Amino acid sequence: MSRSLVQLFVAASLAASASATSCGTFSSKATLTRATAFTLTWEDHAGDELAVIDMPESGDRPALQYVFTKCTDLTAARAAYPDAIVLTSGPKPVSADQTPIAAFLDELDEHTALVSYRDHSLVYSDRVTTHLAASSATDHSQSWSSNYTALAAAGADVHFTGTGNYNSASAALTEFGQADRIVVIGEQLEAHPIGRAEWIHVVGIALGAEAAAHTKCTEIITSYNLAKTFAGSVTEAPSVWNGGYFGAPYYTETTWFPPALTTYWAHFLADAKSTYTVPSSYVQGAGMSMAEALPYAQDAQFWIAPSKGLADVPAYTADESTLASFRSVQCANIWDNDNRKKPGLFGANDFFEAGVVRPDKVLMDMIKVLHPDMLPDYELYFFRQAPKGASTLSCPDDAAADEAADEDEKSNKKKDDDDEEEDDDDADVDAEAIADEPLNATMLGVVVALSCLVVIVGGLVGFVCFRRGRAIATNDAVMEVKVAA
């Protein structure tokens, strides 16, 4: 009996080992750098590699845990993680209801996995829209919501959904036995641009494309940090007002909704080397009246992402007359993030699609806007400038520039005059020197002549003295001879 039990134990162990071996392993194991709305850990359970993703509670959405395994038999993983949603990591048909999810799939070349998408018209990517049309993928939209009956029938093994849609999707898909196929993508919960991009790992792991996700994300982070370092080399940090406003019929008075300093927008502005003028006390989503916003918005050099889609400066001042007092409006420094947007009020905007997964491109755009001389040959991707058009507003920056130019011109003229006066003084000195040259020559000649005269006279006197001495000496000698005789 005991031998039989041993044999059974060995057989079970061998089977488990074979099962673990046949499951395979994750080809790449990424580590998160900026994401805070989920964690990613790599674990080994009884020889089975697991990717464990935890998402803390957010609003009325409960905390969630996902466990991905390379095994197709999920029994062991479900036993080890009874409260988690356990799924196989590998290729599979999927559905999605948010544009960033479409961008993640597109970036990973996994867009062909889509068998259903909520409202095809809201997708910007040509590759994704072409696939949806060519494959006759289900459109499970229904009056700004989802037709869950159509979604359940689409044949998706994973339903990617935004964090705000989880509760309704879970309630509806439970009726079809598909609530355990829902995978939340919560990039909108992240406060850092790179943190938003790192949600590509969730999509990649779910589809067995973890290596591609790791490679892509590493490239994006490297590119972003290089751009940030590049922008950090400048000394000037121009002032920026960010965000849009709403009026009637939504609000009785014009109300601004700028991003708070805790948002990814604030990180973009700081990393692009600018000074964001929103007050630190402002709470995200609280809104500001025009009177409250004016002290912070009116003198800002740039207005970024008004999200109004208006054609030019006159269109803005016609929409809201107070804007005529804004420095950014007067100087036509209005930059909206709709350069890649399809027509229509609710046309798909690639900034909210590819802009999520490619923050490096967004940052490069913002550096170009704020410091155009740094990237003279760079072409904007997501942003466009609202032209001045027929606006008659005068830009105080132009007046200041003109005044500075006048001061430079005056300074240069004064320098030229000073140089000319100095040249005149040098010329006068040279003329005087030339005029004095004859007198100097005469004086030199007199000195030389006198010297010569002294020499001549001295010579004559010496000669006379010599002759006189010789004569005396001769006479003395004669007298001596005569005396001796």
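**Notebook: two buried residues, a small sheet and a pocket**

I began with Ser239, which at a relative accessible area of 15% is buried, because anything under 20% is counted that way. I note here that I am working from a predicted model, and I read every value below with that in mind.

Entry on Ser239. I looked up its place in the fold and found Ser239 in strand β12, which covers residues 239–242. I then asked which backbone atom the side chain of Ser239 reaches. I found that this side chain comes to 2.9 Å from the backbone nitrogen of Gln301. When I set aside the neighbours within four places in sequence, I listed Thr275, Thr277, Asp299, Ala300, Gln301 and Phe302 as the residues in contact with Ser239, so that Gln301 appears both in this list and as the polar partner of the side chain.

Entry on Ala77. I turned next to helix α2, residues 75–80, where Ala77 has its place. Is Ala77 buried or exposed? I recorded a relative accessibility of 3% for Ala77, which therefore counts as buried under the 20% limit. Leaving out neighbours within four places in sequence, I found Ala77 in contact with Leu50 and Val86. I also checked Asp48, which stands 29 residues from Ala77 along the chain, and noted 8.5 Å between the two C-alpha atoms.

Entry on the sheet. I traced an open sheet of three strands in the order β13-β14-β16, paired antiparallel. I marked β13 (244–246) and β16 (288–289) as the edge strands, since each of them pairs on one side only. Between β13 and β14 (residues 255–257), which run antiparallel, I counted three bridges, and I looked up one pairing by residue, in which Gly244 has Phe257 of β14 as its bridge partner. As a reminder to myself, strands of a sheet pair through backbone hydrogen bonds, either parallel or antiparallel.

Entry on the largest pocket. I noted a space of about 1600 Å³ in the largest pocket. Its lining has 46 residues, of which Phe246, Ser307, Leu345, Asn349 and Phe352 are the closest to the centre. Which elements give two or more residues to this lining? I found α3 (99–107), β13 and α10 (264–271), and of the lining the largest share, three residues, comes from β13. Thus β13 is an edge strand of the sheet and also a contributor to the pocket lining. By residue class, I divided the lining into 21 nonpolar, 16 polar and nine charged residues.

Notes. Residues numbered from 1 in each chain as written. Predicted model: local features only at pLDDT ≥ 70, side-chain atom pairs only at ≥ 80, totals over all residues. Heavy atoms only, no water. Helix = DSSP H or I, 4+ residues; strand = E, 2+ residues; numbered from the N terminus. Buried < 20%, exposed > 50% of the residue type's maximum accessible area, 1.4 Å probe, protein only. Contact = heavy atoms within 4.5 Å. Polar contact = N/O pair within 3.5 Å; in protein donor to acceptor, adjacent residues only side chain to side chain. Pairing = 2+ DSSP bridges. 1 Å grid on protein atoms, 1.4 Å probe; cavity = no way out; pocket = protein on both sides within 12 Å on 5 of 7 lines; lining within 4 Å. Points joined across faces, edges and corners; volume = space filled by probe spheres on them. Nonpolar A, V, L, I, M, F, W, Y, C, P; charged D, E, K, R; others polar.
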